[in-house]
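Please look at the sequence and the structure shown below before reading on. The report that follows takes up pockets, then cysteines, then a group of strands.

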Amino acid sequence: MANFVTNLFRRNEKLTVDEFIVKKTITSFFFLLVFFAACIWAWKWVRRQPSQNGSRADVHAPLRTVLNTNEIIFSKIFSSNHLTKTYPASAAVKQVRPNGSIGMRNNLDTAAWKMYVIRANGDTLALDLDDIKKLPKTDVTFNFKCIEGWSQITHWAGVRFSDFMKFYGLNAEASMKYLGLTTPDKEYYVGIDMPSAMHPQTILCYELNGRPLPLREGYPLRLIIPVKYGIKHLKRIGTMYFANNRPPDYWAERGYDYYSGL
Ligand SMILES: Nc1nc2c(c(=O)[nH]1)N[C@H]1C(S)=C(S)[C@@H](COP(=O)(O)O)O[C@H]1N2
Ligand SMILES: [Mo]
């Protein structure tokens, strides 16, 4: 056998068709093995790299670099003219599946609730639900997607985030790069690039299926941002702030994509 193989690769005179096929097959398998070995080596190399922020929960730095590069590409082609596909309100599911309750496990004093908006100059606006509801109301029915792999068509209503920014004169804030949101207890927090926040379908939402948001869906006010995966739709907004550097983001710190765009 070994002799036969060495012969195949040493002999210079013409090989028979069968011999030629055997020789080709052996060569192909050899390169396949080299390829597999290279893949395993690359995988082990990636696994050895620390994460960018040193956190054990975060992904390895080379993977984060790929995610960030994707973000640069996708934010370049992102346009506020491009709208997420919408559906008639009648297409929305009646039984909405709530998911994720981080930052919502403490009791909420609904009467005392306020949304604190920290302005660029450090001043803070304290707004109640009526301050939000007096702005023009808009609604959106879209396919809500969670990174866990499920989705559901849901119908939400509230105030367009860009209308809110204009109404409260938050122009300097809107020209900053990021919006940061946290729950009142600061347990859940997200950072959102400003173009996505200012997208016409992004709303500060206080209604689900024409009724006040249920507690588990983020009463009294949550973010609905159809251009992003579910992780960014923070429920029970407590504080809003603005920054030119990425605000901390709960799931990004645990290895998920910061941008999480759709
Ligand atoms: N405060 C808070 N908001 C949250 C979460 C959470 O755990 N806490 N989970 C997020 C995730 S992963 C998803 S998929 C959506 C689910 O929204 P729903 O409960 O209205 O279906 O909420 C998002 N907002
Ligand atoms: Mo999710």
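## Pockets, cysteines and strands

In this predicted model, 22 residues line the largest pocket, and those that lie nearest its centre are Phe78, Val227, Lys228, Gly261 and Leu262. Two elements, α3 (61-77) and β3 (138-145), give two or more residues to this lining, and the largest share, five residues, comes from α3. The space in the largest pocket amounts to about 460 Å³.

The second largest pocket has a volume of about 370 Å³. Its lining is made of 24 residues, of which Asn99, Gly100, Tyr188, Gly230 and Ile231 are the closest to the centre of this second largest pocket. The table sets out the classes of residue in the two linings.

| Pocket | Nonpolar | Polar | Charged |
|---|---|---|---|
| Largest pocket | nine residues | eight residues | five residues |
| Second largest pocket | 13 residues | six residues | five residues |

We turn now to the cysteines. A disulfide is a covalent bond between the sulfur atoms of two cysteines. How many disulfides does the count come to? The count comes to zero disulfides, where a pair of cysteine sulfur atoms would have to lie within 2.5 Å to be counted. For Cys205 the closest cysteine sulfur is the one in Cys146, and because these sulfur atoms are 17 Å apart, they are too far from each other for a bond. Cys146 is buried, with a relative accessible area of 10%, and Cys205 is also buried, with a relative accessible area of 0%.

The last topic is strand β1 and its partners. Which side chains of strand β1 (residues 115-118) are buried, and which are not? The side chains alternate along this strand, in that Met115 and Val117 point to one face and are buried, whereas Tyr116 and Ile118 point to the other face and are not buried.

Strand β1 pairs with strand β2 (residues 124-127) in the antiparallel sense, over four bridges, and within this pairing Leu127 of β2 is the bridge partner of Met115. The hairpin that β1 and β2 form has five residues between the strands, and in this hairpin Gly122 takes a positive phi near 100°. Strand β1 is also joined by two bridges to strand β10 (residues 239-243), and here the two strands run parallel. In β10, the residue that stands opposite Tyr116 is Thr239. Taken residue by residue, then, the buried Met115 has its bridge partner in β2, while Tyr116, which is not buried, stands opposite a residue of β10.

Definitions and conventions
Residues numbered from 1 in each chain as written. Chains lettered and ligands numbered in written order. Predicted model: local features only at pLDDT ≥ 70, side-chain atom pairs only at ≥ 80, totals over all residues. Heavy atoms only, no water. 1 Å grid on protein atoms, 1.4 Å probe; cavity = no way out; pocket = protein on both sides within 12 Å on 5 of 7 lines; lining within 4 Å. Points joined across faces, edges and corners; volume = space filled by probe spheres on them. Nonpolar A, V, L, I, M, F, W, Y, C, P; charged D, E, K, R; others polar. Buried < 20%, exposed > 50% of the residue type's maximum accessible area, 1.4 Å probe, protein only. Pairing = 2+ DSSP bridges.
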